[in-house]
Amino acid sequence: MPRTDHLLALPEVTAAAQRLSAPTVRDLARAAQDRARRGEILPEEVPAALREALTHRRATALTPVLNATGVVVHTNLGRAPLSAAATEALIAAAGYVDVELDLDTGVRSRRGRATRAAVLAACPAAEDALVVNNGAAALVLATTALAAGREVVVSRGELIEIGAGFRLPDLIASTGARLREVGTTNRTHLTDYTCAVGPETGCLLKVHPSNFRVHGFTAEATLAELRTLADEHRLPLVADLGSGLLAPDPALPDEPDAASALAAGADLVVASGDKLLGGPQAGLLLGRAEVIEHLARHPLARAVRADKLALAALEATLVAGRVPVVEFLHADPEVLRSRVERLAAAVDGGAQVAVVPHQGRVGGGGGPGVPLPGWALRLPECAARALRLGDPAVLARVHDGACLLDLRCVPETEDEQVAAAVRRALHPALSPLEHP
Ligand SMILES: *Cc1c(COP(=O)(O)O)cnc(C)c1O
């Protein structure tokens, strides 16, 4: 049996110890020795088994997943996948970086100035911008700074819950601002806001119901209408858009965007970085310079500030332009069809598999009910678990007694990985060598 200290002295193993920590590597070495003791491998195969185990061992317990659900912004899978540029930026920012320093003068500078410049370049309608930890933090900062101890006027049709503990009324109440609900679930008019506004009003808030639609007998006051009211009473008008679209997207006609909201008269727009914007978790505050300045000076701003990794990834996301989320949303159904047909041919599934039409979804980012026409490979439902637990992990959609693989959100370069995973899921009895 190779001795532990010999195994740990192998060059690849010392290199891996830098990446994974010495105790982790030692545990893997012991596990390889145990396999030889149990007779699963020969003693001379222990170093190779250890090398193999090290290449599969990641520095985090988070497992990368191929998203074959067809849901573009999948909250349980970390929302937006980052672009290559944003990923590179994360690594560049991992060490010491000039996030709060001007290298030219050597003196301290405004934190995240390059990210702010990128946000303003991407949304010229905004006079200024502030980036915080996430959309919820942006809303808390805005309502605290503008309305703590006073009232936030908001329509009853916009008191949303977006999941994962975000309930707008509770969040606003937690800031010390009082919620002043106006209108009804389905209809709210400008006069409802007019009657509610008074000396106690801190701000007017309009919230985009980003994950549901109310159909039928409905009415709402527009931002432009609320602007006139806000002007009459010199009140700030805040629009929480959620999605993070900076400009209109014809594929998502009902989804509000920051440029249009600012043009319609919002003083401040609140949005997420990791929904339709396709960047890292972040909260964007965009709008009038004096309002942003007021928020940036509030003590709470320090508690919700964005970290250097998010600032770097957000800047790169905005500068690079096209991001995976946008590509996946706009994927050509014919291309998706031919990819799924190729997958069907490659998996050797016989009558167990079929190519079927499948609607993708925008997901947690917005666009509820917006159909994203595409295709899926239908497998027996029991394949879903094997795919989920495989390496790479593939997450399918389980629906109506079937396991559906939609390639919309799978990078095309990974199609062969998906095919191999499906073969393993359908033919678990084959040894790894028989899987090409
Ligand atoms: C998603 C969303 C938020 C919260 O943003 P997070 O980035 O998830 O914190 C707030 N408001 C609306 C309308 C949203 O859709």
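This passage describes an open sheet, the helices that lie across it, and the buried side of helix H4 in a predicted model.

The sheet is a good place to begin. Six strands make up this open sheet, and reading across it gives the order S1-S14-S15-S13-S12-S2, with mixed pairing. At its edges are strand S1 (65-68) and strand S2 (71-73), each of which pairs on one side only. On average, neighbouring strands of the sheet are turned by 40° against each other, direction ignored. For a closer look at one edge, S1 can be followed to its partner, strand S14 (residues 393-399): the two pair in the parallel sense over 4 bridges. Within this pairing, Val 65 has Ala 393 of S14 as its bridge partner.

Two helices can then be placed on the strands. Helix H16 (residues 333-347) lies across strand S12 (354-363), strand S13 (372-380) and strand S15 (402-406), and runs at about 10° to S13. Helix H18 (residues 415-426) lies across S1, S13, S14 and S15, running at about 30° to S13. Both S13 and S15 are thus crossed by H16 and by H18.

Helix H4 (residues 46-56) offers a further view of packing. Its buried residues include Val 46, Pro 47, Ala 49, Leu 50 and Leu 54. These residues lie on the same side of H4 because they cover an arc of only 160° around the axis. Among the elements that cover the buried residues of H4 are helix H1 (4-9), helix H2 (11-20) and helix H3 (22-37).

Notes:
Residues are numbered from 1 along each chain as its sequence is written. This is a predicted model: local features need pLDDT of at least 70, side-chain atom pairs count only at pLDDT 80 or more; totals for chains, interfaces and linings use all residues. Side-chain values use heavy atoms; hydrogens and water are left out. Two strands pair if DSSP finds at least two bridges between them. Axes are lines fitted to C-alpha atoms, for helices over the stretch in contact, and angles run from 0 to 180 degrees between N-to-C directions. Contact means heavy atoms within 4.5 Å. Buried means under 20% relative accessible area, exposed over 50%, partly exposed in between (1.4 Å probe, protein chains only). The arc is that of the directions from the helix axis to the C-beta atoms.
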